[in-house]
Amino acid sequence: MSDIEVQIPTTFDPFAEANAEDSGAGAKDYVHIQIQQRNGRKSLTTVQGLKKEFSYNKILKDLKKEFCCNGTVVQDPELGQVIQLQGDQRKNVSTFLVQAGIVKKDNIKIHGF
């Protein structure tokens with residue numbers, strides 16, 4: 001009886017691969033460009049997910065000069081630094097980030113209406 005090897009089945013986690021990909025170094029880091037409605041026709045464009053080695057203030061300065069709008073860099077506890085711009089600048093910001101070589105087009109996600 002003692003010669004028989006018994007294998008106890010282990011639990012199977014179907015989401016183990018997905019969780020490993022999200023937390024690993026190979027995970028894609030997306031830049032999210034969103035629009036938030038303020039009041040009436042006023043809106044706010046937010047850019048989040050840029051790499052930390054970039055100077056957010058220099059990027060903001062170029063964006064403000066390029067699109068003739070005001071903006072600021074906000075420190076969010078969950079998301080880190082977020083660039084906010086006045087108006088609907090989603091398409092403009094995405095083309096600017098791609099042309100400047102900051103982000104590849106595949107890594108940009110545009111949210112909103």
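**L60, the sheet and two helices**

L60 is found in helix α2. In this predicted model, L60 turns out to be buried, with a relative accessible area of 8%, and that counts as buried because the cut-off is under 20%. Setting aside neighbours within four places in sequence, the contacts of L60 are with G71, T72, V73, I83, Q84 and L85. One of these partners, L85, sits 25 residues away along the chain, yet the C-alpha atoms of L60 and L85 are separated by 8.5 Å.

Those contacts make more sense once the helix is placed on the strands. Helix α2 spans residues 56-67 and lies across β3 and β4, running at about 10 degrees to β4. The two strands beneath are themselves partners: β3 and β4, the latter made of residues 80-86, pair in the antiparallel sense over six bridges. One of the residue pairs involved is V73 with I83, the bridge partner being in β4. Both V73 and I83 also turn up among the contacts of L60, so to speak from either side of that pairing.

Zooming out, β3 and β4 belong to an open sheet of five strands, with the order β3-β4-β2-β1-β5 and mixed pairing. The edges are taken by β3 (71-76) and β5 (108-110), each of which pairs on one side only. On average, neighbouring strands of this sheet are turned by 25 degrees against each other, direction ignored.

A second helix, α3 (residues 90-99), also meets this sheet. Helix α3 lies across β1 (31-37), β2 (43-48), β4 and β5, and runs at about 160 degrees to β1. Which residues of α3 are buried? The list is R90, V93, S94, F96 and L97. They cover an arc of only 165 degrees around the axis, so they end up on the same side of α3. K91 and Q99, on the other side of α3, are exposed.

As for what the buried residues of α3 face, they pack against β1, β2, β4 and β5, and against α2 as well. Helix α2, then, has a part in both stories: it carries L60, and it is packed against by the buried residues of α3. Strand β4 is likewise shared, since α2 lies across it and α3 does too. Just past the end of α3, G101 takes a positive phi of about 80 degrees.

How values were computed. Residues are numbered from 1 along each chain as its sequence is written. This is a predicted model: local features need pLDDT of at least 70, side-chain atom pairs count only at pLDDT 80 or more; totals for chains, interfaces and linings use all residues. Side-chain values use heavy atoms; hydrogens and water are left out. Two strands pair if DSSP finds at least two bridges between them. Helices (H or I, at least four residues) and strands (E, at least two) are DSSP runs, numbered from the N terminus. Axes are lines fitted to C-alpha atoms, for helices over the stretch in contact, and angles run from 0 to 180 degrees between N-to-C directions. Contact means heavy atoms within 4.5 Å. Buried means under 20% relative accessible area, exposed over 50%, partly exposed in between (1.4 Å probe, protein chains only). The arc is that of the directions from the helix axis to the C-beta atoms.
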